[in-house]
Amino acid sequence: QLNGEMTQNGERRESEARQLQNTVSNLTNARAEYARNEAEMLGRLGEVEAAISRKEAETVNLSKQVVALEGARLSLSRDKDALQMRVRELEDKLAAELAKEDARVRDAES
C-alpha cells in the first residue's frame with residue numbers, strides 16, 4: 001500500500017510538473033507574441049507619426065502658398081485698378097482731344 005501511494009504521489013507530481021511546464025511554456029509564448037505585437041504596433045505608430053509630420057509640413061507649405069497666392073491676388077487687383085484708372089485717363093484725354101478736333105473742324109467750316 002505504501003508503494004502504491006508513493007507511485008500515485010509521484011505520478012501526481014509528474015502531472016503537476018507537466019502542467020506547470022505547459023503553463024510556463026504558454027506564458028513564454030504569450031510574452032513573445034506580446035513583444036512581437038508591441039514591436040509591430042510601435043512600428044505602425046512610428047509610421048503614423050511620420051505621416052502626421054509629413055501632413056503637418058504639407059499644411060505649413062500649403063499655408064505659405066495660400067499667403068503667397070493671396071499676396072499675388074492683391075497685387076493683381078491693385079494692378080487691375082491702376083490699369084483701369086489709366087484707361088479712364090486715356091479715354092478722358094481722347095474725349096478731350098476729339099472735342100478739340102470737333103471744335104476746330106466746326107470753326108474751319110464756319
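1. A salt bridge is a side-chain nitrogen of Lys or Arg within 4 Å of a carboxyl oxygen of Asp or Glu. The model discussed here is a predicted one. A search of the whole structure finds five such contacts, and this note takes up some of them, including the pair Arg-44 and Glu-40.

2. Arg-44 and Glu-40 form a salt bridge in which the closest N and O atoms lie 2.5 Å apart. The two residues are four positions apart in helix H1, which covers residues 2–109, so about one helical turn separates them. Arg-44 is partly exposed, at 44% relative accessible area. Glu-40 is also partly exposed, with a value of 39%.

3. Lys-55 pairs with Glu-58, and here the closest N and O atoms are 3.5 Å apart. That distance counts because the cut-off is 4 Å. Lys-55 and Glu-58 are three residues apart in helix H1, which puts about one helical turn between them. Glu-58 has a relative accessible area of 41% and is partly exposed.

4. Glu-70 and Arg-73 meet through their side chains in a salt bridge of 2.7 Å, N to O. Both residues belong to helix H1, where they are three residues apart, or about one helical turn. Glu-70 is partly exposed at 36% relative accessible area, and Arg-73 is partly exposed at 46%.

5. Why can such pairs form? Side chains of opposite charge can pair when their charged atoms come close. In helix H1, a separation of about one helical turn applies to Arg-44 and Glu-40, to Lys-55 and Glu-58, and to Glu-70 and Arg-73.

Notes:
Residues are numbered from 1 along each chain as its sequence is written. This is a predicted model: local features need pLDDT of at least 70, side-chain atom pairs count only at pLDDT 80 or more; totals for chains, interfaces and linings use all residues. Side-chain values use heavy atoms; hydrogens and water are left out. Buried means under 20% relative accessible area, exposed over 50%, partly exposed in between (1.4 Å probe, protein chains only).
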